[in-house]
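Got your viewer open? Load the model and get ready to click through a few side chains.

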Amino acid sequence: MSIRIFITGGTFDKEYNELNGELFFKETHLPEMLQRARSTLDTTVRTLMMIDSLLMTDEDRELICHQVRNSPEEKIVITHGTDTMTITAKVLAEKIKDKTIVITGAMIPYKFGSSDGFFNLGGAMAFAQTLPHGVYICMNGRYFNWDNVRKNKRTGIFEEL
């Protein structure tokens, strides 16, 4: 079983500029994370974009759909910013029916050391292998159907509607 991982950016891959205090993108941390996790899964990682999901456009979502649809793998994991992952999930669910797609992200950047991203990635990889075709969001140790989840901005936790 092979899993395709698409990178789109989000807090998952942000880094901290110590001089001005801003968060920025440099390169994805996914290969390092898979190596640190000692993953033996057959994976292919592809960076589609490195942007904050609040800046993601309809065209960006169309690119994600195009890449997922044309991927030879049926098992897909997408790293994504948490603020708009439900929007991307809806677009994917409307257009792709024959794959298992799990979208995940992080509330704290991986480079901070205390990130939830490492845990969320592991969960997404496991759920991608076991769930039936459909679109899911994996956060906080759980998976959610794409149309039954929201980010609680007060608690910073994903929950069912």
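This tour goes from a surface patch to some salt bridges, and keep in mind that the model is predicted.

**Stop one: a nonpolar patch.** Select Y16, L23, M107, I108 and F112. Together they make a nonpolar patch on the surface, with about 430 Å² of accessible area between them. Now zoom in on Y16, which sits in strand β2, residues 14-16. Y16 counts as partly exposed because its relative accessibility is 44%, and the partly exposed range runs between 20% and 50%.

**Stop two: D83 and its partners.** Which residues share a salt-bridge network with D83? Select K151 and K153 along with D83, and you have the linked set. Start with D83 and K151: their side chains meet in a salt bridge, 3.0 Å from N to O. That pair ties together distant parts of the chain, 68 residues apart, with D83 in the loop between β5 and α3 and K151 in strand β9. Next, look at D83 with K153, where the closest N and O atoms are 3.9 Å apart. Here K153 lies in the loop between β9 and β10, 70 residues away from D83.

Are these lysines buried or exposed? K151 counts as buried because its relative accessibility is 18%, while K153, at 63%, counts as exposed. D83 is partly exposed, at 30%.

**Stop three: one more bridge.** Select E159 and R150. They form a salt bridge too, with the closest N and O atoms 2.3 Å apart. E159 is partly exposed at 22% relative accessibility, and R150 is partly exposed at 40%.

Want to keep hunting? The count for this model comes to eight salt bridges.

Terms used: Residues numbered from 1 in each chain as written. Predicted model: local features only at pLDDT ≥ 70, side-chain atom pairs only at ≥ 80, totals over all residues. Heavy atoms only, no water. Patch = residues over 30% accessible without salt bridge, like charges linked within 9 Å, V, L, I, M, F, W, Y side chains within 5 Å. Areas by Shrake-Rupley, 256 points an atom, 1.4 Å probe, with all protein chains shown as cover. Salt bridge = Lys/Arg side-chain N within 4 Å of Asp/Glu carboxyl O. Helix = DSSP H or I, 4+ residues; strand = E, 2+ residues; numbered from the N terminus. Buried < 20%, exposed > 50% of the residue type's maximum accessible area, 1.4 Å probe, protein only.
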